[in-house]
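Let's take a walk through this one together, from one end of the chain towards the other. Have the viewer open and keep a finger on the sequence.

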Amino acid sequence: LGFLLVGVIFLVHATHATPYIAEYPSMLSEVARAVFGHGAIGNVFFLLLQAASAAILFFGANTSFNGFPALTSFVAEDSFLPRPMMKRGHRLVYSNAIIVLTALAVVLLIVTGGSVDKLVPLFAMGVFTGFSMAGYGMTKHHLTHRDPGWRGRLAINLSAAILSTIVVGIFAVAKFTEGAWLVIVVMPILVFMLMRLNRQYRNENSVLEMSLTERQDLVK
């Protein structure tokens, strides 16, 4: 992946590909056209590259619908999301989570007009925030358990977390007015709401446990 990324960057530099205000054609298609040319074989390779790019984006979007419902079910099991997120539908999938994700995706597309420039900062902020949280979480895990070879793993996870945090900071500053502000504003609000929901569930469980204990005492 690193070799592929460096190769694409080199080709963009060598072909002098520049982004258009209209967002079309994409820089990748500019590079492909410059590399493959306008001949018959070049057109075939150009179309194959465009089709492959579309397929990658399609399957990349599909992973959200595979991973998000399962993730929300685990979070709901810990009482940080509404319990209906744990319910499976007729096809044994978490239908409620899929519906919520679909609705949020449609809202984002409508609000941003499907603009890649406006959606990429949101995507990058979300992805690298997740990377940062995972890295710091694994850092704490290694410090707590100290399994054999934990120092090397600690260095890798901590450095990855720090680098991801730096990327989040760069996007937050550079793309603040282009959509990054939404993540900065919404994330603390969501965390507060999830903690409030968890507290509500814990209070309800305490009341139910007390009522159950009182009934057992009455039966005795």
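One thing before we start: what you have here is a predicted model. We'll begin with the aromatic rings, and with F59 in particular. F59 comes out at 53% relative accessibility, so it counts as exposed, the cut-off being over 50%. F58 is exposed too, at a relative accessible area of 54%. Searching the whole structure turns up 3 aromatic pairs. One of them is F36 with F45, and it is stacked: the centres are 5.5 Å apart and the planes differ by 25°. The F58 and F59 rings also pair up, with 5.3 Å between their centres; their planes sit at 75°, so this pair is edge-to-face. Back at the stacked pair, how covered are the two rings' residues? F36 has 32% relative accessibility, which makes it partly exposed. F45 is partly exposed as well, at 42%.

Rings also turn up with charges over them. Look for R33, whose charged end sits over the ring of F46, 4.0 Å from the ring centre. A second case involves R83: its charged end sits over the ring of Y201, with 4.2 Å to the centre.

Now swing back to the beginning of the chain and pick up helix α1, which covers residues 2–15. From first C-alpha to last, its 14 residues reach 20 Å, close to the 20 Å you'd expect at 1.5 Å a residue. How many of its residues are buried? The count is 0, so α1 is hardly covered, given that a buried residue needs to be under 20% relative accessible area.

Step just past the end of α1 and you land on H16, which takes a positive phi of about 55° even though it isn't a glycine. H16 belongs to the loop between α1 and α2, the latter being residues 27–36. Is H16 buried or exposed? It is exposed, at 63% relative accessibility.

S79 makes a good companion to H16. It is not a glycine either, yet its phi is positive, at about 70°. You'll find S79 in the loop between α3 (40–77) and α4 (95–112). Here the surroundings tell another story: at 8% relative accessibility, S79 counts as buried.

While you're at α4, have a look at I99, which is found in that helix. Despite being an isoleucine, I99 is exposed, with a relative accessible area of 55%. If you want a feel for distance, pair I99 with M27: they are 72 residues apart along the chain, and their C-alpha atoms are separated by 34 Å.

Time to head inside. Which residues make up the largest nonpolar core? There are 6: L122, M125, V168, A172, A180 and V183. Three helices chip in, with α5 (116–145), α6 and α7 (180–219) each supplying at least two residues of this core. A180 is a handy place to stand and look around. Setting aside neighbours within four places in sequence, A180 is in contact with P121, M125, F171, A172 and K175. There is also a second, separate core of 5 residues, among them A76, L81, M85 and Y94.

Staying with α5, find T129, which has its place in that helix. T129 is buried, with a relative accessible area of 19%. Beyond its neighbours within four places in sequence, T129 is in contact with V168 and M187, and V168 is one of the residues of the largest core we just visited.

Our last stop is N157, in helix α6 (residues 150–174). N157 has 19% relative accessibility, so it counts as buried, since the limit is under 20%. What does its side chain reach? The N157 side chain gets to the backbone oxygen of R153, at 2.7 Å. If that pick of partner looks familiar, recall that an α-helix has 3.6 residues a turn, so residues three or four places apart point the same way. Leaving out residues up to four places away in sequence, N157 touches G135, M138, T139 and H142.

Technical notes
Residues numbered from 1 in each chain as written. Predicted model: local features only at pLDDT ≥ 70, side-chain atom pairs only at ≥ 80, totals over all residues. Heavy atoms only, no water. Phe/Tyr/Trp six-rings, centres within 6.5 Å; stacked < 30°, edge-to-face > 60°. Buried < 20%, exposed > 50% of the residue type's maximum accessible area, 1.4 Å probe, protein only. Lys NZ or Arg CZ within 6 Å of the ring centre and 35° of its normal. Helix = DSSP H or I, 4+ residues; strand = E, 2+ residues; numbered from the N terminus. Expected span 1.5 Å × (residues − 1). Polar contact = N/O pair within 3.5 Å; in protein donor to acceptor, adjacent residues only side chain to side chain. Contact = heavy atoms within 4.5 Å. Core = buried A, V, L, I, M, F, W, Y, C linked by side-chain atoms within 4.5 Å.
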